[in-house]
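Here's a quick tour of a protein chain for anyone new to reading structures. Keep the picture handy and follow along as we go from helix to sheet and back.

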Amino acid sequence: MKHYLTVKDLPEDERPYEKCERLGASRLSDAELLAVILRTGVRGQRSTDLACQILNLLKKEEGILGLHHLAFHDLIKIHGIGKVKAVQLLCIAELSIRMARAVKKTGTPMNSPEHVASYYMESMRNLEYEQAVVVMLDGKNRFAGDFLLSKGTVKASLVSPREMFREAMKAGAVYVILLHNHPSGDPTPSSQDISTTKRVKTTGEILDIPLLDHIIIGDHKYVSLKEMGLF
């Protein structure tokens, strides 16, 4: 019979559950937080050891951020991670993104490139392909919704001004902002990015739904084509 090591196998002062009760969740290490989610380890390996193995699956400097790079098939390759635990970990990673976005969204007008980039940074900076998102604003530059415009290859996303403004008109958007990411992590606009911006801007002027900006997301950095004077 398999013997699965749980957090109860740890000395009492090292158990994440008890430590959380005494000191609060903020005092738990990344590995301890994951160990609580995993609950059990495998033969000869505690849940905290398994958590460390997950954190080190990618580059060590990635740490907990590495979860955003892991797919289902990556996780189930780890001894001790089955389908259920893999799904739990993926959901935890997605939940963290949505919570971060919800906090930034609450009461925050999208009235600056910094606000917009900050709101989308965590959900877009780790993508391994280009993705274009349209942010819709009301007449006071407040967030009125968004939608995925395109999901492209690692080199380019296909932006259709026609599709973009059709969806914006359905939602009653007053203004729009276009965002896309560069998987390389370098947000420097390409000549194609600039020409796409001009096409979208012209279409928006015709339809009376102005394009306020085109923001390119890199790795913890962004570029606003409006701030660069490329509008």
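Let's start at a small spot: just after helix α7, Gly172 takes a positive phi of about 70°. Keep in mind that everything here comes from a predicted model. The protein chain holds 8 helices and 5 strands, and 39% of its 231 residues count as buried.

**Helix α7 and its two sides**

- Which residues of α7 are buried? They are Pro161, Met164, Phe165 and Ala168.
- Look down the axis of α7 and these buried residues sit within an arc of 85°, so they line one face of the helix.
- Turn to the other side of α7 and you'll find Arg162 and Lys170, which are exposed.
- What do the buried residues of α7 pack against? Their partners are β1, β2, β3, β4 and helix α8 (191-207).

**The sheet**

- Five strands make up an open sheet, in the order β2-β1-β3-β4-β5, and the pairing is mixed.
- At the edges you'll see β2 (143-151) and β5 (222-224), each of which pairs on one side only.
- On average, neighbouring strands of this sheet are turned by 20° against each other, if you ignore direction.
- Strands β1 and β2 run antiparallel and are joined by 7 bridges.
- For one spot to find on that pair, look for Met136, which stands opposite Gly145 in β2.
- The hairpin of β1 and β2 has 5 residues between the strands, and Asn141 takes a positive phi near 65° there.
- Strand β1 (residues 131-137) also pairs with β3 (residues 175-181), in the antiparallel sense and over 6 bridges.
- Val135 has its bridge partner in β3, namely Ile177.

**Helices lying on the sheet**

- Helix α6 (residues 113-124) lies across β1, β2, β3, β4 (211-217) and β5, and runs at about 40° to β4.
- Helix α7 (residues 161-171) packs on the sheet too, touching β1, β2, β3 and β4.
- The direction of α7 makes about 155° with that of β2.
- Glu114 has its place in helix α6.
- Is Glu114 buried or exposed? Glu114 has a relative accessible area of 53%, and exposed means over 50%, so this residue counts as exposed.
- How many residues apart in sequence are Glu114 and Ser224? The two are 110 residues apart along the chain, yet 8.8 Å apart in space, C-alpha to C-alpha.

**Helices α1, α2 and α3**

- Two packed helices are described by the angle between their axes and the distance between the axes.
- For helix α1 (residues 16-23) and helix α2 (residues 30-38), the axes come within 9 Å and cross at roughly 115°.
- Who meets whom here? From α1 come Pro16, Tyr17 and Lys19, and from α2 come Glu32, Ala35 and Val36.
- Sort the residues of this contact by type and you get 4 nonpolar, no polar and 2 charged.
- The buried residues of α2 are Ala31, Glu32, Leu34, Ala35 and Leu38.
- They cover an arc of only 160° around the axis, which puts them on the same side of α2.
- Right after α2 comes Arg39, with a positive phi of about 70°.
- In helix α3 (residues 47-55), the buried residues are Ser47, Thr48, Leu50, Ala51, Ile54 and Leu55.
- Seen down the axis of α3, these fall within an arc of 160°, so they line one face of the helix.

**Cysteines**

- How many disulfides does the count come to? The count is 0.
- Cys20 has a relative accessible area of 29%, so this residue is called partly exposed.
- Cys91 is partly exposed as well, with a relative accessible area of 47%.

**The chain as a whole**

- Read from the N terminus on, the elements run α-α-α-α-α-α-β-β-α-β-α-β-β.
- Take the contacts between residues at least 6 apart in sequence: 58% of them join residues at least 24 apart.

Methods: Residues numbered from 1 in each chain as written. Predicted model: local features only at pLDDT ≥ 70, side-chain atom pairs only at ≥ 80, totals over all residues. Heavy atoms only, no water. Axes fitted to C-alpha atoms, helices over the stretch in contact; angles between N-to-C directions. Helix = DSSP H or I, 4+ residues; strand = E, 2+ residues; numbered from the N terminus. Contact = heavy atoms within 4.5 Å. Nonpolar A, V, L, I, M, F, W, Y, C, P; charged D, E, K, R; others polar. Buried < 20%, exposed > 50% of the residue type's maximum accessible area, 1.4 Å probe, protein only. Arc of directions from axis to C-beta. Pairing = 2+ DSSP bridges. Disulfide = S-S within 2.5 Å.
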